[in-house]
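This briefing covers nonpolar packing and aromatic contacts in one protein model. Please view the sequence and structure before reading on.

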Amino acid sequence: MSHRSRFSILLFAIVTGCEPLASPRTGPAGEGGPRAAGDPPPLLTASQQHGFRQGSALFQTTFTPATGLGPLFNARSCAECHEDPVVGGVGDEVETHATAYHGGVCDDLGRIGGPVIQDSMTPALAQFLGIEKEPVPIEATAIARRTTPSLLGFGLLDAVPEAAIVALADPDDRNGDGISGRPNQLPDGRIGRFGRKAQIATLREFTSGAFINEMGITSPPEPNEQTIRDTPLPAGVDPAPEPELGQAGLDATDAFVKLLAPPPPTLSSFAELQGRRLFASVGCTGCHVPVLRTGASPVRALSNTTVSAYTDLLLHDMGLELADICLGQAEPAEFRTEPLMGVQYKKAFLHDGRAPSIEAAIQLHAGEAAGARDRVLALSPQERAALLRFVSGL
């Protein structure tokens with residue numbers, strides 16, 4: 001069955017309420033076996049499989065102004081950005097974010113359109129305003145570019161207990177290794193883990209935030225449309241009734257994203273095994289922690305297991321050359337350690353895609369990562385090649 005045909009069946013199921021047949025890729029409930037990129041994990045219940053299929057269809061739905069798109073947006077569907085090598089993977093889009101930072105205090109400019117600056121608007125709003133995209137607020141002190149991350153395996157990161165993240169923190173560098181990671185603690189006390197600045201605490205919030213910020217789709221947690229400088233929308237510009245995505249649709253999309261299995265690594269050769277050893281010996285694992293353990297979860301495949309994410313989900317100072325915006329407690333030069341699972345699918349690296357290769361990305365590491373960077377650069381050509389082969393296979 002073609003990808004298009006399978007998607008049509010799934011979307012029909014959401015509209016009619018009929019249960020589609022089991023996917024030929026994932027098999028019936030309870031079936032194990034290896035998972036390909038874009039598959040759900042094994043041993044799902046029938047209800048969980050159903051939620052995954054519904055969410056997959058919504059993730060691939062192309063919205064229009066009549067069905068809620070915009071009036072400010074960056075994409076018309078989730079899959080427009082998360083597409084490579086499968087739905088839920090990376091994308092080639094680069095979008096604009098902006099914030100203000102004064103005296104150690106971060107302002108995300110949310111009251112006047114930030115931090116995500118949408119690059120498109122519906123024809124009705126464009127005609128009314130006489131512009132084609134949202135302008136960066138004049139109050140911004142920094143502008144950032146952001147690439148599209150892969151979502152594969154994010155459900156496992158969501159299931160890592162906050163205590164496990166906090167346990168990895170060393171804000172005062174008490175062990176003297178030059179690395180002082182700290183969590184981005186939200187105003188309500190929760191620990192952030194998603195977003196390049198770890199500014200979002202849960203995957204559900206990440207998903208509902210993406211609907212409103214990237215597509216202009218309102219939902220129960222995000223009921224207000226994005227506007228320019230908080231200016232009310234003209235009558236008739238936003239014809240779809242609010243919320244444009246109901247709770248059931250949001251729950252299904254959250255289930256799909258949560259159940260995307262992590263990509264299988266492609267490591268096998270002796271050189272790659274040597275690279276794994278070198279990755280640890282030069283100190284990369286000081287931030288890119290190889291394995292995290294999840295806590296209890298209603299999803300069996302996510303519960304009390306491990307994820308080879310190669311991240312500590314903490315903020316680290318990466319040096320002034322990479323510094324851009326602030327978010328929450330994250331200062332301009334601080335970034336959450338990027339998970340390396342799925343790096344095999346990327347074609348551009350770092351938060352803004354400025355590095356054309358993994359080696360170029362390593363060379364741009366500074367701040368807390370300077371020591372590990374220098375040790376990588378001091379390796380012999382053969383050793384460095386082995387380390388790069390290891391990382392590129394994750």
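The points below deal with the cores, then with the aromatic rings.

This is a predicted model, in which local features need pLDDT of at least 70 and side-chain atom pairs count only at pLDDT 80 or more, while totals for chains, interfaces and linings use all residues. Residues are numbered from 1 along each chain as its sequence is written, and side-chain values use heavy atoms, without hydrogens and water.

**Nonpolar cores**

- A nonpolar core is a set of buried Ala, Val, Leu, Ile, Met, Phe, Trp, Tyr and Cys residues joined through side-chain atoms within 4.5 Å; buried means under 20% relative accessible area (1.4 Å probe, protein chains only).
- The largest such core has 45 residues, of which Phe59, Leu157 and Phe211 touch the most other members.
- Two or more residues each come from α2 (46–59), α4 (154–158), α6 (203–215) and α7 (247–258); helices are DSSP runs (H or I, at least four residues) numbered from the N terminus.
- Another core lies apart from it and holds 26 residues, including Phe335 and Val391.

**Aromatic rings**

- Rings of Phe, Tyr and Trp (its six-membered ring) pair if their centres lie within 6.5 Å, and planes under 30 degrees apart count as stacked, over 60 as edge-to-face and the rest as tilted.
- Nine aromatic pairs meet this rule.
- In one pair, Phe52 and Phe256 have ring centres 5.0 Å apart and planes at 50°, so the pair is tilted.
- Phe52 belongs to helix α2 and Phe256 to helix α7, so the pair ties together parts 204 residues apart in sequence.
- Phe52 and Phe256 are both buried, and with Phe59 they form one aromatic cluster.

Notes
Buried < 20%, exposed > 50% of the residue type's maximum accessible area, 1.4 Å probe, protein only.
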